[in-house]
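Visitor: I'd like to look at how this fold is put together, and to ask why each term is used. Could you show me the model?

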Amino acid sequence: MIAVGILYFSSQGAQAWHAAFFMRTHGLSLAEAGGIEGIASLLPVFSVIAAGYLTDRLYRRDPTWQVWLPMIATTASVPLFLSLYLAPDWRLAALSYVGAQAFAGIFSGIFIVSVQSIVWQHERSLAAAMVMFSASLIGLGAGPFVVGFISDLLHASLGEASLRWALVASKLLPVWGLYHLWRAAKTFRDEIKEETEVQSPATAHHPGRPNRSSA
C-alpha cells in the first residue's frame with residue numbers, strides 16, 4: 001500500500017503538468033502539447049492489457065511476478081521520463097514520453113490484483129477500495145499540488161525551467177516505491193490466499209472467516 005501511494009504520487013503528480021512542460025520548455029502551442037499528450041495516453045491502453053496477459057502466464061511459474069513485473073516496468077519508465085524532462089529538443093522529449101507512458105501505467109492494474117491475492121475472498125472488495133483510496137487521495141490529490149508547489153518555489157531562481165526540475169524531482173520518488181515493492185516481494189508468495197487452501201486451525205473458529213474446508 002505504501003508503494004501504491006508513492007508510485008501514484010509520482011506518476012499523477014507529473015502527469016498533470018506535462019502539457020504545461022511542453023509549452024513552457026519547448027514553446028509548443030496548447031494544441032501541439034495536447035496532441036502529444038493524447039498520443040502518449042493511448043499506448044498505456046495496450047501495454048496494460050499486454051502486461052496483464054503476461055502476468056497471468058508468469059504467475060503459473062511464480063506468483064511473485066505480480067510484484068516483479070510492476071517493479072521492472074517502473075524501473076524502465078524512470079530513465080525515459082528523465083529523458084523527457086531533460087531532452088534539448090521537443091521531438092526527442094515527445095518520443096521519450098511515449099516510451100515512458102508505455103511502461104508507467106503497467107503497475108496500476110496489476111497492483112489491484114496483487115493486493116487481492118493476499119487477502120481472503122470476502123475481503124477483496126475492501127482491499128481494492130483501499131488501493132484506489134491510496135491512489136486517489138495521495139496520487140491524484142497531493143501529487144499535482146506538490147509538483148506545482150515545488151515549481152513555484154524554484155521559479156525565483158530558475159525561471160521557466162523551474163517546472164522541468166520539479167518534474168525531475170518527482171521521478172526520484174519511484175526509487176522509494178521500488179524499495180517497498182522489493183520488501184513486499186520477499187514474502188508475497190507465502191501470503192497468497194488460494195481459493196483451494198484448507199483453513200488453518202488458527203482461523204477455524206474466527207467468526208469473520210468463512211469455513212475454507214466446506215467452501
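Guide: Let's start with an open space: α1 gives the most to the lining of the second largest pocket, with four residues. This is a predicted model, in which local features need pLDDT of at least 70 and side-chain atom pairs count only at pLDDT 80 or more, while totals for chains, interfaces and linings use all residues. Residues are numbered from 1 along each chain as its sequence is written, and side-chain values use heavy atoms, with hydrogens and water left out.

Visitor: What makes this one a pocket, and which residues line the second largest pocket?
Guide: On a 1 Å grid over the protein atoms alone, a pocket is an open set of points with protein on both sides within 12 Å along at least five of seven lines, whereas a cavity is a set where a 1.4 Å probe fits but cannot get out; lining residues have an atom within 4 Å of a point. The lining here consists of Tyr8, Ser11, Gln12, Gln15, Pro44, Val48, Gln101, Ala104, Gly105, Phe107 and Ser108. At least two residues each come from α1, α3 (30–59), α5 (90–104) and α6. The space amounts to about 190 Å³, a volume being what is filled by probe spheres set on the grid points, joined across faces, edges and corners.

Visitor: How is the lining of the second largest pocket split by class?
Guide: It has five nonpolar, six polar and no charged residues. Nonpolar means Ala, Val, Leu, Ile, Met, Phe, Trp, Tyr, Cys and Pro, charged means Asp, Glu, Lys and Arg, and the others, Gly among them, are polar. Gly105 of this lining therefore counts as polar.

Visitor: And the largest pocket: which residues lie nearest its centre?
Guide: Met1, Val115, Ile118, His180 and Ala184 do, out of 17 lining residues. The largest pocket has a volume of about 370 Å³. α9 contributes the largest share of its lining, seven residues, and α1, α6 (106–117) and α9 each supply at least two. By class, this lining has twelve nonpolar, three polar and two charged residues.

Visitor: How many cavities of 30 Å³ or more does a search of the whole structure find?
Guide: One. The largest cavity holds about 90 Å³ of space. Leu7, Ser10, Ser11, Thr74, Ser77, Val78, Phe81, Ala104, Phe107, Lys171 and Pro174 line it. α4 brings the largest share, four residues, and both α1 and α4 (65–86) supply at least two. Six lining residues are nonpolar, four are polar and one is charged.

Visitor: Now the packing. Why are α1 and α9 called roughly antiparallel?
Guide: Helix α1 (residues 2–15) and helix α9 (residues 173–191) pack at an angle of about 160°, with axes 8 Å apart. Angles under 35 degrees count as roughly parallel, over 145 as roughly antiparallel, 65 to 115 as roughly perpendicular and the rest as oblique. The angle is over 145, so α1 and α9 are roughly antiparallel to each other. The axes are lines fitted to C-alpha atoms, for helices over the stretch in contact, and angles run from 0 to 180 degrees between N-to-C directions. The helices themselves are DSSP runs (H or I, at least four residues), numbered from the N terminus.

Visitor: Which residues make the contact of α1 with α9?
Guide: Contact means heavy atoms within 4.5 Å. From α1 come Ile2, Ala3, Ile6, Leu7, Phe9 and Ser10, and from α9 come Leu173, Pro174, Trp176, Gly177, His180 and Leu181. Nine of these are nonpolar, three are polar and none is charged.

Visitor: What makes α3 oblique to α4?
Guide: These two helices pack at about 140°, with their axes 9 Å apart. That angle falls in none of the other three ranges, so α3 is oblique to α4. On the α3 side the contact is made by Ala51, Leu54, Thr55, Leu58 and Tyr59, and on the α4 side by Trp65, Gln66 and Leu69. The class count for this contact is six nonpolar, two polar and no charged residues.

Visitor: And why is α2 called oblique to α8?
Guide: The axes of helix α2 (residues 18–26) and helix α8 (residues 162–170) come within 9 Å and cross at roughly 140°. By the rule above, that makes α2 oblique to α8. His18, Ala20, Phe21, Arg24, Thr25 and His26 of α2 meet Leu163, Arg164 and Leu167 of α8. This contact has four nonpolar, three polar and two charged residues.
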